[in-house]
Amino acid sequence: MTDQPTVVESLFSGDPLATSLCLIAIFLACPAVLMQVIPRIPVIRKVTFVPFLFLVPMILSSLGIIPDSYPLYKPLQSTALYMAIFFMVLAIDLGQILRSLATRILLLFVIGCLGTATGAILAHAICAPLIGTESSAMVAGCTTAAYSGGSMNWAAVSEAIDVPGSLSATAFPAMVIMYTLYLGALLALDNSPLRPLLERWIGVEDRNDAPAMAAADEVQSSAAPKLEDYINGFLAFTIVYLASIVLEQWVRGLVFIPMVIFLTTFAILLGAVAPKVRFAGVRRLGNLSTFGEASLYFLLGIIGAQASLSGSLLNAPALLLMPTVVIAVHVFVLLLSARLLKVDLATCTIVSIAAIGGAASAPAAAGALRAPELIPLGVLLGSLGYAIGTYLGVYLGLFLLG
């Protein structure tokens, strides 16, 4: 960060409260504008707007409009992260997902995530001499989490294994860039001559799992949350957050379990139990997933503001190499598994996007690929990725760190 004050800091010089409120307004305005603008741009409207939630604040901080370091960022980032984890994972009825998905589709997704982890191990072996063993191990863990769940999982793993802010600020853009390029390549596959070749190699054309997915779509629909739902949700979040902190401190002398692991686990358990509880205030907690998504969008803006565009470009070859290797191994493992499990190419594509891009990207990609019947599949698998991505990333990162 330079010694020169940014535009926002100069505008509200001497008033930290006004500066903080202005920054919060910018982080809220970015998703509000991008959600309206991106779908109207012909070239990129098929691609989800999520990467731009990160890229726009990064550009603003690089241009000196907003600061890339500010005392408010850390508490805001932690709060948004924990709320995103809790409310998005809380909406996942893991039992219902497992019942709704065909066994081979579920198995293909799990194998794809393991392929991502395998790719991260290989990428770590290649990149460790280039960026350092510890840095490479941390980025490998975060990339595994992001490419199994989403950006939220990257932030969760980054917090759990204490990734330095400078490293995350330069590595995160590389992950976003490769994810965006990969998503574009999969969408282009729809009209590519490579598609019929892959379909013939896999040997499956019919999507015979669509009825189960359609039934699962009905499960995902729910009534709009009420005021009491938000009150009960915040109460549940506060209790789970405090319990996670206490448990982390309690087991610290025995085994290292990060607080985000406890938070994720409690949210999964509560999400599984809540629909079966008679008390309506608990039963409707899963309706607050949209608040979790809003927290995630806000989180991406804060991470983007702290990202270094110049640092990312300077270290681009090594930092882009890691997600490239991860995606390459993921694709190889997934295609081979699709051939063995007899899963068609379109379904395999949505499975891959659900892992690499998360629940936000998979439904949009299914619509862009003219396969609306696969939208529920993308939602279910993307949600499952949110649940397992943090576990996979944290413990792979710890394993590589030794």
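**Entry 1: α13 and α20**

I began with a crossing, and the one between α13 and α20 is left-handed. I am working from a predicted model here. Helix α13 covers residues 259-273, and I found that its axis and that of α20 come within 10 Å and cross at roughly 155°. Angles over 145 degrees count as roughly antiparallel, so I wrote down α13 as roughly antiparallel to α20.

Next I looked up who touches whom. From α13 I listed V260, I261, T264, T265 and I268, and these meet A387, T390, Y391, V394 and Y395 in α20. Sorting the residues of this contact gave me 7 nonpolar and 3 polar, with no charged ones.

**Entry 2: α7 and α20**

I stayed with α20, which spans residues 375-401, and turned to α7, residues 133-146. Their axes come within 7 Å and cross at roughly 165°. That angle makes α7 roughly antiparallel to α20. Which hand does the crossing of α7 and α20 have? I noted it as right-handed.

For the contact itself, I put E134, A137, M138, A140, G141, T144 and A145 on the α7 side. Their partners in α20 are G389, L392, G393, L396, G397, L400 and L401. I counted the residues of this contact by class and got 8 nonpolar, 5 polar and 1 charged.

**Entry 3: α4 and α8**

Then I moved on to α4 and α8, whose axes come within 10 Å and cross at roughly 120°. I therefore entered α4 as oblique to α8. The hand of this crossing is left.

On the α4 side I found K74, S78, L81, Y82, A84, I85 and M88, and on the α8 side M152, A155, A156 and E159. The tally for the contact of α4 with α8 came to 8 nonpolar, 1 polar and 2 charged.

**Entry 4: the second largest pocket**

Last, I looked at empty space. How much of it lies in the second largest pocket? I have it down as about 320 Å³. The lining has 16 residues, and the closest to the pocket centre are Q77, S158, V163, G165 and S168.

I also checked which elements give two or more residues to this lining: they are α4 (73-90), α8 (151-160), α9 (165-188) and α15 (289-306). I was glad to meet α4 and α8 again here, having just followed their crossing. By class, I split the lining of the second largest pocket into 7 nonpolar, 6 polar and 3 charged residues.

Methods: Residues are numbered from 1 along each chain as its sequence is written. This is a predicted model: local features need pLDDT of at least 70, side-chain atom pairs count only at pLDDT 80 or more; totals for chains, interfaces and linings use all residues. Side-chain values use heavy atoms; hydrogens and water are left out. On a 1 Å grid over the protein atoms alone, a cavity is a set of points where a 1.4 Å probe fits but cannot get out, and a pocket is an open set with protein on both sides within 12 Å along at least five of seven lines; lining residues have an atom within 4 Å of a point. Grid points are joined across faces, edges and corners, and a volume is the space filled by probe spheres set on the points. Helices (H or I, at least four residues) and strands (E, at least two) are DSSP runs, numbered from the N terminus. Ala, Val, Leu, Ile, Met, Phe, Trp, Tyr, Cys and Pro count as nonpolar, Asp, Glu, Lys and Arg as charged, and the others, Gly among them, as polar. Axes are lines fitted to C-alpha atoms, for helices over the stretch in contact, and angles run from 0 to 180 degrees between N-to-C directions. Angles under 35 degrees count as roughly parallel, over 145 as roughly antiparallel, 65 to 115 as roughly perpendicular and the rest as oblique. A crossing is left-handed if the near helix is turned anticlockwise from the far one by less than a right angle, and right-handed if clockwise. Contact means heavy atoms within 4.5 Å.
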